Amino acid sequence: MSTKKIVIDPITRIEGHLRAEVEVDENGVVQEAYVSGQLFRGIEIILKGRDPRDAGLLAGRICGVCTNSHFRAAVSSVEDAYSLKLPNNAEIIRDLMAMALFIQDHVVHFYHLHSFDFVDVTSALQADAKLASKEAHKYHRKPFRNSHAHYEEVLQKVGNFVKAGKLGPFSNGYWGHVEYKLTPEQNLILISHYLEALKFQTNISKAVAIFGGKTPHPQSIIVGGVTSVADMLNPQRLNDYLFIMKEAKEFVERAYLPDAKLQSIAYRDDIKAGIGRANGNFLSVGGYEFEAKQRLFCNGVIYAHDFEHIEEFDESKISEEIDRAWYSGETRENEVCYTDLNEDGSLKTAKNDDKYSWIKAPRYDGKTMETGPLATVLVSYSKGNNLIKSFVDEFLAETDLELIDLSTTVGRNSARAIESGYICEYIFKLVSRLIQNIKYYDTDTWVRYDFEKLQKNANGKAFLEVPRGVLSHFVNIKDAKIENYSVIAPTTWNATPKNFDGLRGAYEEALVGIKIQDTSKPLEVLRVLHSFDPCLACAVHVIDADANELSSYKIKTLFEG
Ligand code: NI
């Protein structure tokens, strides 16, 4: 059987540098896949020897997109090391920033990073504005900005781009590809929302900045609490936050969720064919308490799509390997070991046992796992979380799909939209809790401690559910300085290379078996990879070979205590 290799490098409309190499047979069906993180980071090395109280500000620089997630996880891991118990208000404010970030991330992903894998801009120019308005009503009774005049305006705007010979943000698509299945009117609706989402993301960033001081790279989280005291006590600031989130909820309900439904219905054949399904192992750590003992997300582990038996998450089952990542594990200090070239200077292929990625290989109980909104939704739903159940049931009923169908490329996007709708519903309860606390004179936002009197040697960790999935930070403190730091980001799980166990990670597994219609335009590969919302800046982390056994930290995890 003859195989052909397709290499896409770099993959665009993601954060960071990702390369994909797939081998297809004579029918264009992917037989094997190798995905590779192409940029070395090493922020952990910078953290060594620093004051643990600075961990948050430094770790926030791991990524330019997931800044707040790393900032919080780093501070939380230091608090865990010192067993600091935070005031409730501090947790709520951190959660409010995180919730806004979830929505911002998911909307940007759906429209700006991923929609053009499904939406053909050139087809939209053939659309009838009146019919588009009618079409949108199929997915919501009151669709977002749905007048004929508005659609005419969008048509003119896009048409002007084309007439000028410059597609602007719409350039470099595989326009006209046979795999585009939306009607001109459906394409127009999605493009209209693409443009609206540009305004949306500016506004929702302000919500993060209200409590974070600024965004990206908020500054208000400190070891022991938050500094946003004046913001919390200022009714105008709370009101601003509420107003932005109310607008966000409108957009999610009237544009994002309906568009996810539209996509699911239009690409039903792909969903039913299981395109983009990985191995069905899902990991979620849950969290976000919005009422006493009521959390937004449950923790749990699913194996091979067995939704009936959910295991509790157990951090001692996490291991990390570097056999096929560009590191050498023979010394205590993690050594960079880049081997992409043969001795004669030619580029090595990933096919044999060579190293092929900067991403290390995390395993859970020896298995590769998928993490992210799909995992979060499946775990919470399967564990009987009543709050999320109604959102999932409604989506599945309206699209005539089953739970297993979410475990596909298109389903992964639906799960993200469902998660957004769900968060928008419950974010207001979280704000109410904060207001209630203030009303009863509970205004604490930080816990007092004397750093000099804290233990000099301690280990801590934090497990957080963030927009792209499970994020873990681990810190070892010695003589009141950071001795060692380690991170496993969501994309590290999903984009893991094979190890000598030969197991494919979620990206690679989801690619194998898909059919590529035109090997010169591998749109199908982009669809699969984009559906995971890759963040490669986040994914690459050094590893300390001797500190590999994470269970030895023996400290309670956040949200699980
Ligand atoms: Ni990131």
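Is A480 buried or exposed? A480 counts as buried, at 14% relative accessibility. That value, like the others in this report, comes from a predicted model.

## The β13–β14 loop

A480 sits in the loop between β13 and β14. Its phi is near 65°, a positive value in a residue other than glycine. D479 is placed in the loop between β13 (469–478) and β14 (481–488). D479 also has a positive phi, near 50°, and is not a glycine.

The surface picture differs for these two residues. D479 is exposed, with a relative accessible area of 55%. A480 falls under the 20% cut-off for buried, because its relative accessibility is 14%.

## Nonpolar cores

The largest nonpolar core has 132 residues. Within it, I103, Y111, F170 and Y241 touch the most other members. Helix α4 (residues 88–114) supplies the largest share of this core, with 14 residues. Apart from that core lies another, of 33 residues. Its members include I11, I514, I516 and L526. In soluble globular proteins, nonpolar side chains tend to be buried together.

F170 deserves a separate entry. Neighbours within four places in sequence are left aside here. F170 then contacts F116, V121, V158 and F161. Its other partners are W175, I191, Y194 and L195.

## Helix α6 against helix α8

Two helices meet at an angle. The axes of α6 (residues 129–136) and α8 (residues 184–212) come within 9 Å. They cross at roughly 75°. Angles from 65 to 115 degrees count as roughly perpendicular, so α6 is roughly perpendicular to α8.

On the α6 side, the contact is made by A129, L131, A132, E135 and A136. On the α8 side, E185, Q186, L188 and I189 take part. By class, this contact has six nonpolar residues, one polar residue and two charged residues.

## Cis peptide bonds

A cis peptide bond joins D9 and P10, with omega of about 0°. P10 is located in the loop between β1 (4–8) and β2 (18–24).

The peptide bond from T215 to P216 is cis as well, with omega near 0°. P216 lies in the loop between α8 and β4.

## I222 and strand β4

I222 belongs to strand β4 (residues 221–222). It is partly exposed, with a relative accessible area of 33%. Residues up to four places away in sequence are not counted among its contacts. On that basis, I222 touches V75, E79, R94 and T227.

I222 and A74 are 148 residues apart along the chain. Their C-alpha atoms are separated by 9.9 Å.

## Cysteines

How many disulfides does a search of the whole structure find? The search finds zero.

C66 is buried, with a relative accessible area of 9%. C535 is buried too, at 0%.

## Sequence separation and distance

Three further residues show how positions in sequence map onto space. T3 is in the segment before β1. At 48% relative accessibility, T3 counts as partly exposed. T3 and Y441 are 438 residues apart along the chain, and their C-alpha atoms are separated by 69 Å.

K48 is in the loop between α1 (43–47) and α2 (55–59). It is partly exposed, with a relative accessible area of 28%. K48 and R468 are 420 residues apart in sequence. In space they are 26 Å apart, C-alpha to C-alpha.

D518 lies in the loop between α16 (506–511) and α17 (523–530). Its relative accessibility of 29% counts as partly exposed. D518 and H114 are 404 residues apart in sequence and 20 Å apart in space, C-alpha to C-alpha.

How values were computed
Residues are numbered from 1 along each chain as its sequence is written. This is a predicted model: local features need pLDDT of at least 70, side-chain atom pairs count only at pLDDT 80 or more; totals for chains, interfaces and linings use all residues. Side-chain values use heavy atoms; hydrogens and water are left out. Axes are lines fitted to C-alpha atoms, for helices over the stretch in contact, and angles run from 0 to 180 degrees between N-to-C directions. Helices (H or I, at least four residues) and strands (E, at least two) are DSSP runs, numbered from the N terminus. Angles under 35 degrees count as roughly parallel, over 145 as roughly antiparallel, 65 to 115 as roughly perpendicular and the rest as oblique. Contact means heavy atoms within 4.5 Å. Ala, Val, Leu, Ile, Met, Phe, Trp, Tyr, Cys and Pro count as nonpolar, Asp, Glu, Lys and Arg as charged, and the others, Gly among them, as polar. A disulfide is a pair of cysteine sulfur atoms within 2.5 Å. Buried means under 20% relative accessible area, exposed over 50%, partly exposed in between (1.4 Å probe, protein chains only). A nonpolar core is a set of buried Ala, Val, Leu, Ile, Met, Phe, Trp, Tyr and Cys residues joined through side-chain atoms within 4.5 Å.
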